[in-house]
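Reader: I should like a close look at a single part of this structure, followed outward into its surroundings. Please treat the matter in one connected account.

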Amino acid sequence: QDLNQLEEKNKMLDKITKTDGLTQLYNHKYIYERLEQEILKAKSFEKGLSIIMFDIDHFKHVNDTYGHQEGDLVIIAVANTLKTQCRKYDILGRYGGEEFLAILPNTNLEGALLTAERIRKRIELLEFDSGIKITISGGIAEYTNENALTLVKKADNLLYVAKESGRNRIER
């Protein structure tokens, strides 16, 4: 029985060290580890791999106007939308603050765009008791033999293009 309790506690500890407490998505550190693993698989098996970096548009305004608790509800709603709109084997993480990273194994740029647009449209339809309406912007990058850091930087740069081009859009 002690061994079972120890195993359970180790599982809980493992989960705590890998997941974001608010969203239950992977945390920043672990999402990078998973991306590096997926890059190795993509290299080894010559399979497609794409990532999407999402950011909630005007999130500071949400926190400043409605408070951080409402901001947390928005972040949770976005995370839950990602979970429902992605495949079981896609890998989702909270990159930081109001940014999210989706790793899409076996997916080319066009497939990632379809996923990103589906998520963007679904987020636009979210309704909150407070009356908040939110949108997200995103940047998509397809793996082309770069390391994890460079791949994320590509997606992040495209995210900034989406924001500078009016928000509520996906760039690839």
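In which helix is Arg34 found?

Author: The model discussed here is predicted. Within it, Arg34 is found in helix H2, which spans residues 28-45. Arg34 is buried, because its relative accessible area is 16%, and the cut-off for burial is under 20%. Setting aside residues up to four places away in sequence, Arg34 touches Tyr26, Ile91 and Ile103.

The charged partners of Arg34 come next. Salt bridges that share partners join Arg34, Glu38 and Lys41 into one network. Within this network, Glu38 forms a salt bridge with Lys41, and the closest N and O atoms are 3.2 Å apart. Glu38 and Lys41 are three residues apart in helix H2, so about one helical turn separates them. Their accessibilities can be stated individually: Glu38 is buried, with a relative accessible area of 6%, whereas Lys41 counts as partly exposed at 42% relative accessibility.

A salt bridge in helix H5 may be set beside this one. Arg120 forms a salt bridge with Glu124, with 3.7 Å between the closest N and O atoms. Arg120 and Glu124 are four residues apart in helix H5, which means that about one helical turn lies between them. Arg120 is buried, its relative accessible area being 11%, and Glu124 counts as partly exposed at 34% relative accessibility.

Another salt bridge is formed by the side chains of Asp57 and Lys163, at 2.8 Å from N to O. This pair links distant parts of the chain, since Asp57 lies in the loop between S1 and H3 while Lys163 lies in helix H6 (residues 148-164), 106 residues apart. Both Asp57 and Lys163 are buried. A search of the whole structure finds 15 salt bridges.

Helix H6 also leads back to the helix that holds Arg34. The axes of H2 and H6 come within 9 Å and cross at roughly 105°. H2 and H6 are therefore roughly perpendicular to each other, as angles of 65 to 115 degrees are assigned to that class. On the H2 side, the residues that meet H6 are Tyr32, Leu35, Glu36 and Ile39, and their counterparts in H6 are Ala148, Leu149, Leu151 and Val152. By class, this contact of H2 with H6 has seven nonpolar residues, no polar residues and one charged residue.

Two residues of that contact, Tyr32 and Val152, reappear around Tyr95. Tyr95 is placed in strand S2 (residues 91-96). At 18% relative accessibility, Tyr95 counts as buried. Leaving aside neighbours within four places in sequence, Tyr95 is in contact with His28, Tyr32, Met53, Phe100, Leu101 and Val152. The C-alpha atoms of Tyr95 and Leu25 are separated by 9.4 Å, although the two residues are 70 residues apart along the chain.

Phe100, a contact of Tyr95, directs attention to the nonpolar interior. The largest nonpolar core has 29 residues, and those that touch the most other members are Ile52, Phe54, Ile56, Val74, Phe100 and Ile134. Two or more residues are given to this core by each of strand S1 (49-56), H3, H4, strand S3 (99-105), helix H5 (109-124) and strand S4 (136-142). H4 supplies the largest share, six residues. For Val74, the contacts beyond four places in sequence are Ile56, Phe59, Val62, Phe128, Ile132 and Ile134. A second, separate core of 19 residues includes Leu35, Ile51, Ile91 and Ala141. Of these, Ile91 is touched by Arg34, and Leu35 takes part in the contact of H2 with H6.

Val74 also belongs to a second helix pair. Helix H3 (residues 59-66) and helix H4 (residues 68-85) pack at an angle of about 140°, and their axes are 7 Å apart. That angle makes H3 oblique to H4. The contact is made by Phe59, Val62, Asn63 and Tyr66 of H3, together with His68, Glu70, Gly71, Val74 and Ile75 of H4. Its residues divide into five nonpolar, three polar and one charged.

In summary, Arg34 is a buried residue of helix H2, joined with Glu38 and Lys41 in one salt-bridge network. The helix that carries Arg34 is in turn roughly perpendicular to H6.

Technical notes:
Residues are numbered from 1 along each chain as its sequence is written. This is a predicted model: local features need pLDDT of at least 70, side-chain atom pairs count only at pLDDT 80 or more; totals for chains, interfaces and linings use all residues. Side-chain values use heavy atoms; hydrogens and water are left out. Buried means under 20% relative accessible area, exposed over 50%, partly exposed in between (1.4 Å probe, protein chains only). Contact means heavy atoms within 4.5 Å. Axes are lines fitted to C-alpha atoms, for helices over the stretch in contact, and angles run from 0 to 180 degrees between N-to-C directions. Angles under 35 degrees count as roughly parallel, over 145 as roughly antiparallel, 65 to 115 as roughly perpendicular and the rest as oblique. Ala, Val, Leu, Ile, Met, Phe, Trp, Tyr, Cys and Pro count as nonpolar, Asp, Glu, Lys and Arg as charged, and the others, Gly among them, as polar. A nonpolar core is a set of buried Ala, Val, Leu, Ile, Met, Phe, Trp, Tyr and Cys residues joined through side-chain atoms within 4.5 Å. A salt bridge is a side-chain nitrogen of Lys or Arg within 4 Å of a carboxyl oxygen of Asp or Glu.
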